[in-house]
Amino acid sequence: MTLSTSHTLSHQDVASLDDTLAKLDLAGRLSFIAGVGGRAVFTTSLGIEDQVITASIGTHRLLIEVATLETGRLFAETVNLIGETEERYDITIKRFYPEQDDIDAYAAKYGLNGFYDSVEARHACCHVRKLVSLAKALDGASFWITGLRRGQSGNRATTPFAEFDAERNLIKINPLADWDIDVIKAHVSSENIPINPLHARGYPSIGCEPCTRAIKPGEPERAGRWWWENDEKRECGLHVAEAASASPLPTASQR
């Protein structure tokens, strides 16, 4: 299969790419994307899935950039894992931070922790602390690699290996789409991959500290994210069209 960049791929190309990736293992999927041409960026939240992908990128020395969104509200365990992972795999994880002007504007309108008060305020916070940084991380990229899995939530149950992200005009690659959590854990154990210690304390999905709690027995993996909201398919906006969420505050670059 021959590809150029996301800007010239048709929907048939993307479907063909999805079929191609489905036949490969994780290392094969990542190696294929790294060899296509065009800039590939993997954004990691340092969760267990993302650590599996980072380990593969580092172990196989793939030409894939690794980036993380350092929101300013992460758990200390997550921040510490960034450096540990860089040292373990001899890679650089590029940090992208929110603009202080945007944080100040958010706090002035909603209060620093106003995300607890309404869905609109929560989406606005995610926009300021995550989405603006994501746009910077993906600027000029042809491929965006993520740790999305079908088993994470009902909203992700049909996650493909490759899909066109029209909002960002690139191809989104989900190389772990068909991995379940037991396979993930077994792989982490066999490869001795460093993971966030919070996973052992009941946090299967880890985001910003104020917005993440441990889950209860029998709850879905992402039940601990924005737990005070009623929508079972709640997302921060990274993996859904931004138009589907509340109107965000204007950012520093828009003012």
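In this predicted model, arginine 150 is placed over the face of phenylalanine 161, 5.0 Å from the centre of the ring. A similar arrangement brings arginine 225 over the face of tryptophan 226, here at 4.7 Å from the ring centre.

Phenylalanine 161 also appears among the contacts of isoleucine 173, which, beyond its neighbours within four places in sequence, touches Leu17, Leu21, Ile33, Phe143, Trp144, Ile145, Thr146 and Ala162 as well. Isoleucine 173 and Ile145 touch the most other members of the largest nonpolar core, a set of 35 residues. At least two residues of this core come from each of several elements, including helix H1 (11-22), helix H2 (26-36), strand E4 (143-145) and strand E6 (170-173). Helix H3 provides the largest share, with five residues. A second core, separate from this one, has 10 residues, among them Leu134, Ala137, Leu138 and Leu170.

Turning to the aromatic rings, seven pairs are counted. Tyrosine 106 and tyrosine 110 form a tilted pair, because their planes meet at 35°, with the ring centres 4.9 Å apart. Both tyrosines belong to helix H5 (residues 100-110), where four residues, about one turn of the helix, separate them. Tyrosine 106 is buried at 3% relative accessibility, and tyrosine 110 is likewise buried, at 17%. Elsewhere, Phe115, Tyr116, Trp227 and Trp228 make up one aromatic cluster.

Serine 205 lies in the segment after H7 and, with a relative accessibility of 11%, is buried. Its side chain makes a polar contact of 3.4 Å with that of arginine 222. Leaving out residues up to four places away in sequence, serine 205 touches Thr212, Glu221, Arg222 and Arg225, the last of these being the arginine that lies over tryptophan 226.

Note on methods:
Residues are numbered from 1 along each chain as its sequence is written. This is a predicted model: local features need pLDDT of at least 70, side-chain atom pairs count only at pLDDT 80 or more; totals for chains, interfaces and linings use all residues. Side-chain values use heavy atoms; hydrogens and water are left out. A nonpolar core is a set of buried Ala, Val, Leu, Ile, Met, Phe, Trp, Tyr and Cys residues joined through side-chain atoms within 4.5 Å. Buried means under 20% relative accessible area, exposed over 50%, partly exposed in between (1.4 Å probe, protein chains only). Contact means heavy atoms within 4.5 Å. A polar contact is a pair of N or O atoms within 3.5 Å; within protein, one must be able to donate a hydrogen and the other to accept it, and residues adjacent in sequence count only if both atoms are side-chain atoms. Rings of Phe, Tyr and Trp (its six-membered ring) pair if their centres lie within 6.5 Å; planes under 30 degrees apart count as stacked, over 60 as edge-to-face and the rest as tilted. A charge sits over a ring if NZ of Lys or CZ of Arg is within 6 Å of the ring centre and within 35 degrees of the ring normal.
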